[in-house]
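Let's take a walk through a protein structure together. Keep the 3D view open as you read, and look for each residue when it comes up.

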Protein chains: 4
Amino acid sequence: MATTTVSRTFGSDNHAGIHSAVLDALAAANSGDAVAYGEDEISKAAIARLCRAAGASQGYLVFNGTGANVLALSLLLRPHEAVICAESSHLNVDECGAPERVLGCKLLAVSTPDGKLTPDLVATKLNGVGDEHRAQPRVIQIAQATELGTCYSLAELRELREFGRSHGLLLYLDGARIANAVASLDCSLADIAACTDVLSFGGTKNGALGVEAVLVMADGQAASAKYLRKQIMQLASKMRFLAAQIDALLDEDRWLVGARHANAAARQLAEALTTVPGVRIAYPVESNGVFTEVTRRLADRLLQDWNIQVWSETPDNSVILRWMTAFDTAEEDVAELAAAIGRAAKTQTHDSSARSS
Amino acid sequence: MATTTVSRTFGSDNHAGIHSAVLDALAAANSGDAVAYGEDEISKAAIARLCRAAGASQGYLVFNGTGANVLALSLLLRPHEAVICAESSHLNVDECGAPERVLGCKLLAVSTPDGKLTPDLVATKLNGVGDEHRAQPRVIQIAQATELGTCYSLAELRELREFGRSHGLLLYLDGARIANAVASLDCSLADIAACTDVLSFGGTKNGALGVEAVLVMADGQAASAKYLRKQIMQLASKMRFLAAQIDALLDEDRWLVGARHANAAARQLAEALTTVPGVRIAYPVESNGVFTEVTRRLADRLLQDWNIQVWSETPDNSVILRWMTAFDTAEEDVAELAAAIGRAAKTQTHDSSARSS
Amino acid sequence: MATTTVSRTFGSDNHAGIHSAVLDALAAANSGDAVAYGEDEISKAAIARLCRAAGASQGYLVFNGTGANVLALSLLLRPHEAVICAESSHLNVDECGAPERVLGCKLLAVSTPDGKLTPDLVATKLNGVGDEHRAQPRVIQIAQATELGTCYSLAELRELREFGRSHGLLLYLDGARIANAVASLDCSLADIAACTDVLSFGGTKNGALGVEAVLVMADGQAASAKYLRKQIMQLASKMRFLAAQIDALLDEDRWLVGARHANAAARQLAEALTTVPGVRIAYPVESNGVFTEVTRRLADRLLQDWNIQVWSETPDNSVILRWMTAFDTAEEDVAELAAAIGRAAKTQTHDSSARSS
Amino acid sequence: MATTTVSRTFGSDNHAGIHSAVLDALAAANSGDAVAYGEDEISKAAIARLCRAAGASQGYLVFNGTGANVLALSLLLRPHEAVICAESSHLNVDECGAPERVLGCKLLAVSTPDGKLTPDLVATKLNGVGDEHRAQPRVIQIAQATELGTCYSLAELRELREFGRSHGLLLYLDGARIANAVASLDCSLADIAACTDVLSFGGTKNGALGVEAVLVMADGQAASAKYLRKQIMQLASKMRFLAAQIDALLDEDRWLVGARHANAAARQLAEALTTVPGVRIAYPVESNGVFTEVTRRLADRLLQDWNIQVWSETPDNSVILRWMTAFDTAEEDVAELAAAIGRAAKTQTHDSSARSS
């Protein structure tokens with residue numbers, strides 16, 4: 001099962017394919033010529049529709065999550081300004097330094113227990129305000145859901161928002177998995193969006209071929225957006241085919257239905273693992289990821305069979321593995337995975353007993 | 001006809017839709033999970049196939065032409081090095097300053113009569129070599145076909161290549177329309193590629209939804225490529241769906257068939273316009289673009305009905321309009337366009353006569 | 001005389017040494033501790049004094065001209081914005097691409113007959129305004145005096161300023177040789193400064209050890225200046241010693257006295273050369289540079305003896321040489337230089353005659 | 001004593017003035033014209049002399065420490081590469097994000113107990129090697145002496161060097177206070193330099209007006225250095241006056257004599273404070289800085305009288321204050337300071353007693 005094309009990997013939500021309705025929408029949009037770069041009717045309508053759903057004033061489609069993060073931040077930052085983010089954030093860890101390279105900005109990364117910033121944690125990075133030797137904090141960056149699968153409650157978002165406002169800080173929310181957060185909180189997209197200045201809305205991890213949107217809540221931030229999107233290489237010429245994906249996800253609330261499904265699969269997995277000895281659920285399962293803490297030996301065993309990520313290693317030499325579900329994860333696949341982990345854990349326990357005896 | 005979704009605009013080859021075989025390939029690739037970021041079998045196979053066709057050692061798929069240009073140049077440049085390019089090049093004119101912003105490099109733009117660099121023109125930018133006050137020329141950048149629809153002959157490419165080598169200059173070829181050039185020269189992709197250090201291979205303007213490839217001819221240049229692609233936000237997670245587009249274009253030589261078709265449509269248009277008074281073909285029609293020089297009045301008239309680009313204005317106040325054909329331009333559409341231009345030219349001539357009488 | 005330390009080179013105004021009053025001021029400022037980074041009394045007073053002289057609201061001392069140019073532009077530009085400048089400008093030619101590298105901005109360089117922009121020349125770069133594919137013009141950059149030794153009249157400056165304002169363009173004036181321009185126009189520093197949004201005031205080419213000032217006319221532009229200066233590595237820790245240089249130049253109008261002296265020396269040289277056959281003065285001598293057009297043979301001869309710059313080559317294969325005077329150029333040195341050029345020209349004419357006979 | 005020009009501040013070693021021999025050297029270098037940008041004899045000789053002392057192959061003078069750090073790193077990094085450094089390093093904390101802005105690189109900052117990296121600490125940042133989503137570690141950056149006043153032993157440097165080599169990491173040493181380290185270790189400059197690939201040699205904090213050198217140990221790293229120095233705005237035109245400062249510091253080992261003096265003053269202070277109740281020396285005093293941990297109340301009291309830095313706050317709400325000595329700190333000044341701290345501590349203790357009674 002370590003080959004590269006498989007039925008269900010649990011390695012990432014972007015191992016999943018495309019929702020069939022998205023494919024249908026691509027075919028439907030493929031009718032005759034359309035002006036490029038988003039001036040066509042399909043693009044305008046899809047953006048307007050997504051903005052309405054989020055209560056946003058403007059929206060910009062981009063190719064991927066890194067592009068969304070960089071474009072969003074470029075709307076909010078001057079070169080000497082810095083971004084406060086969680087140490088474990090995708091922005092800090094998994095963009096190959098794109099924010100530093102393309103924006104030239106400093107990330108002020110804060111260690112967190114669960115991937116979530118709090119006013120107190122943000123405050124630890126504010127001691128250089130006004131000092132010309134320090135990059136000046138300007139943006140609080142959070143992800144919802146976080147890289148650790150946790151979600152901010154609406155109250156937590158609002159508190160962070162208020163704290164930011166009172167300290168002259170803007171708030172950018174990386175919504176690569178915002179659908180999972182909306183599903184988890186049972187709120188609306190607009191409820192979350194209202195706590196931000198700019199947010200992204202992820203399609204790719206939720207059934208699209210590849211599209212993300214940067215949504216701007218207040219008009220003031222967006223004056224340069226169209227130029228910046230082009231300049232950072234995120235302007236699609238055949239934009240209608242990005243827009244059609246968004247449309248298909250909004251139709252029949254597919255974005256939300258898919259996220260609910262993925263979240264339920266994650267909960268199913270977590271529950272099944274509760275009874276497996278030697279497997280500890282490392283973070284609250286509040287979206288579509290399950291992080292299991294296991295011994296290094298069990299990890300090595302599981303990594304032989306599953307193309308998943310070693311998320312981190314703990315100081316006491318155990319290992320955290322990440323299992324992701326998606327919009328199309330089948331109940332049986334989860335059951336099979338849970339059983340396989342159970343077997344591996346049992347064998348390993350047995351081995352240990354044998355050896356120690 | 002100035003609306004945004006129309007049957008045939010001639011405004012750009014990226015107004016065209018997706019080749020049906022490309023859509024089919026997307027659907028075919030949508031089978032179960034696949035590992036992300038290009039480690040799946042579809043991606044590996046498509047890249048290998050394209051590299052074989054070009055004689056390249058490595059290939060990297062990206063989202064769009066700006067991304068391809070920036071990634072390619074980032075493989076060849078250190079921060080103090082400059083790129084010699086045509087003043088009319090897409091790189092210089094139409095990237096919203098992406099090379100300067102993302103690469104931090106200086107473009108040494110040379111005025112050309114037909115969009116094509118020559119050794120003599122390149123030589124005009126070499127006078128600061130070794131002077132620490134000058135950005136140091138390192139790359140000759142050309143497009144094939146050029147932004148003006150012209151093509152370098154293989155002899156011209158080789159001459160430029162040799163000149164570059166003898167002056168320590170690498171050669172990057174922007175191949176957003178390389179298919180049209182291959183069709184026009186009746187050569188192979190490898191014939192052109194062999195004259196370069198790095199080139200791009202365009203899919204988007206030739207029937208794809210959105211994909212370009214950066215092809216590296218010599219191993220040495222590519223050590224950092226995978227990181228740089230990610231860092232400049234051009235790494236697709238669901239890579240198989242970019243690769244499937246390339247595959248579909250390579251199948252049955254669709255990339256070449258489509259380009260030949262587009263080129264033929266451009267020649268058809270140019271020939272039909274030969275007899276239209278007041279319309280001059282501004283540049284040799286060597287790919288899929290026809291540039292017509294007309295009076296400002298005729299231009300204004302045509303711009304009312306057609307969503308095309310005013311390419312430039314000439315010193316004597318006439319205007320150059322650009323008409324682009326695509327892989328799917330119908331013969332009747334070209335005939336209709338030629339007739340419409342003919343009618344507009346006639347009316348305008350008539351108006352002028354009336355007025356001057 | 002091709003050695004590196006010589007009595008008078010005419011190679012550049014920065015071949016000159018330090019005005020003795022500047023050295024005295026350094027010694028005078030060297031009294032006990034002073035807080036760093038400009039918070040000391042000497043720094044505050046010198047900046048305030050210079051701001052008063054220019055009618056500026058804020059001032060920032062930096063190390064050199066490249067630093068001044070980059071800091072000034074960084075106050076005025078967002079990343080997608082471009083600078084319109086003369087093709088021959090120091091900014092475009094002699095900064096080793098610092099604006100592109102550090103600011104990430106595109107320079108829209110315009111060919112000029114005499115190094116000076118005009119509204120008509122600026123207008124040629126405005127055709128992409130509003131087009132997301134084009135870097136957006138935001139700043140008109142000029143030098144006063146220009147790299148070719150010419151000066152804008154106050155009327156020309158005002159016209160450029162008005163044109164800029166009516167097109168949403170800010171004006172930055174590179175004043176590395178602004179003293180020479182003030183001397184040449186017989187106006188005040190404030191007269192010139194009033195036509196700009198930001199300007200630099202050069203000390204280094206005019207008797208300082210090394211200091212330039214960035215002066216901001218309107219408060220709005222300067223909010224980020226102190227951070228940006230630090231970030232682009234132009235914040236001196238022992239700032240009082242930069243400030244003391246400015247102070248010494250302002251005392252007794254030394255900056256202006258020195259510039260008048262240098263300008264007079266240039267005029268003296270130009271007049272002496274009027275009668276030399278085979279030497280043509282290439283540009284109006286309006287500051288402290290004399291540009292002579294000579295045959296290549298005469299150029300080669302002069303380059304053997306003088307450590308000067310070949311400024312450019314003309315299409316008909318003659319060569320333009322640059323001779324610079326400084327605040328401390330002696331009348332006898334100029335006379336000696338003129339005589340030496342005369343002798344070389346004579347020999348060369350003789351050689352030519354001999355050869356052609 | 002909170003005014004800005006004072007006899008002895010202890011606020012920073014750059015509050016100190018210029019060594020009189022440096023001023024004399026400036027005057028001596030001010031004799032006639034000299035070619036600019038370092039091609040003069042004074043500059044060549046001073047650089048050669050410093051390179052000999054360090055065993056370096058090439059040297060480049062720059063204006064300040066930020067410039068030295070950025071130039072040095074630019075010789076060693078490609079855009080996707082990262083720097084491993086101490087969280088408390090000047091590079092990470094006090095450059096206003098210059099490395100991120102100008103180099104576009106990511107800093108991988110490691111928490112340290114004493115400002116010093118170890119192989120084990122460096123190893124914690126190597127887990128993303130080979131992963132395209134992570135900026136790739138390439139340089140270990142250390143300061144000697146560190147920002148906390150501690151010094152690496154030669155054995156520690158060599159161990160770090162070896163560890164780096166075995167992991168493909170280069171070593172850059174920020175030597176803004178390398179003189180203090182040489183004095184502290186009683187070794188040679190070359191002993192330290194031999195453990196690095198590139199290092200800086202600080203003049204400014206040690207009696208110069210303003211000059212630092214970037215020294216390159218291996219030829220390979222320096223091919224682009226002259227261009228990069230110009231591009232990052234660190235090329236002085238009147239270079240001889242930077243070189244003369246280096247010369248004056250090397251004459252009679254003034255750089256080392258001054259550093260020894262400063263280190264002795266720091267030790268004198270630390271010893272005097274040993275007996276003061278409520279004052280704890282926070283880090284080993286191994287160069288010219290003394291870090292005292294005191295209660296917030298005592299800190300507030302001392303900050304009223306002394307223009308010093310609050311270095312940090314500890315979790316238990318006490319405060320660390322930094323006291324810096326310089327090449328010209330007088331023994332009596334140290335004695336007076338120690339006495340003043342003693343009085344303040346006493347009063348505060350008394351107040352506390354009074355209040356608590």
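What follows goes from the contacts between chains to pairs of charged side chains, and ends at one serine. Keep in mind that this is a predicted model.

Let's begin with chains C and D. Turn chain C by 180°, with 0.0 Å of shift along the axis, and it lands on chain D with an RMSD of 0.0 Å. That is the relation of a two-fold axis. Both copies use the same surface for the contact: 100% of the contact residues of chain C recur in chain D. If you want to find the axis on your screen, look for Val102(C), whose C-alpha is 2.9 Å from it, the closest approach of any residue of chain C.

So how big is this contact? The size of an interface is often given as the accessible area lost when the parts come together. Between chain C and chain D, that buried area is about 4900 Å², and carbon and sulfur atoms give 52% of it. In terms of residues, 58 from chain C are in contact with 58 from chain D.

Plenty of polar pairs sit there too: 38 residue pairs are in polar contact between chain C and chain D, counting pairs with both residues at pLDDT 80 or more. Several elements of chain C each bring at least two residues to the side that touches chain D, among them helix 2 (41-54), helix 3 (65-76) and helix 11 (240-250). Sorted by class, that side of chain C has 25 nonpolar, 21 polar and twelve charged residues.

Charged residues bring us to salt bridges. Side chains of opposite charge can pair when their charged atoms come close. Four such bridges are counted between chain C and chain D. Have a look at Glu95(C) and Lys230(D), which form a salt bridge with their closest N and O atoms 3.4 Å apart.

Now move over to chains A and B. Here the contact takes 58 residues from chain B and 58 residues from chain A, and the buried area is about 4900 Å². Which three residues supply the most of what chain B buries against chain A? They are Asp33(B), Met233(B) and Lys238(B), which together supply 18% of that area. Four salt bridges cross between chain B and chain A, and one you can look up joins Glu95(B) to Lys230(A), at 3.4 Å from N to O. Asp33(B) turns up again in a network of salt bridges that links it with Arg8(A), Asp328(A) and Asp333(A).

Salt bridges also occur inside single chains, and over all chains the count comes to 62. In chain B, try Glu147(B) and Arg177(B), with their closest N and O atoms 3.5 Å apart. Glu147(B) lies in the loop between strand 6 (136-143) and helix 7 (154-166), while Arg177(B) lies in the loop between strand 7 (170-174) and helix 8 (178-185), so the pair ties together parts that are 30 residues apart in sequence. Both Glu147(B) and Arg177(B) are buried.

Chain C has another pair to look at: Arg161(C) and Asp197(C), whose side chains meet at 2.7 Å, N to O. Arg161(C) is in helix 7 (residues 154-166) and Asp197(C) in the loop between helix 9 (189-193) and strand 8 (198-202), 36 residues apart. Both of these residues are buried.

What about Arg280(C) and Glu293(C), which meet in a salt bridge at 2.6 Å, N to O? Arg280(C) is in strand 10 (residues 280-281) and Glu293(C) is in strand 11 (residues 289-294), 13 residues apart. The two partners sit in contrasting surroundings: Arg280(C) counts as partly exposed because its relative accessibility is 45%, whereas Glu293(C) is buried, with a relative accessible area of 14%.

Last stop: go to chain A and find Ser287(A), in the loop between strand 10 (280-281) and strand 11 (289-294). Is Ser287(A) buried or exposed? Ser287(A) counts as buried because its relative accessibility is 2%. Leaving out residues up to four places away in sequence, Ser287(A) touches Ala145(A), Gly149(A), Asn180(A), Asn263(A) and Ala266(A). Zoom in on Gly149(A): its backbone oxygen lies 3.0 Å from a polar atom of the Ser287(A) side chain.

Note on methods. Residues numbered from 1 in each chain as written. Chains lettered and ligands numbered in written order. Predicted model: local features only at pLDDT ≥ 70, side-chain atom pairs only at ≥ 80, totals over all residues. Heavy atoms only, no water. Least-squares fit on C-alpha atoms with pLDDT ≥ 70 in both. Contact = heavy atoms within 4.5 Å. Helix = DSSP H or I, 4+ residues; strand = E, 2+ residues; numbered from the N terminus. Buried < 20%, exposed > 50% of the residue type's maximum accessible area, 1.4 Å probe, protein only. Polar contact = N/O pair within 3.5 Å; in protein donor to acceptor, adjacent residues only side chain to side chain. Buried area = accessible area lost by both parts, 1.4 Å probe. Nonpolar A, V, L, I, M, F, W, Y, C, P; charged D, E, K, R; others polar.
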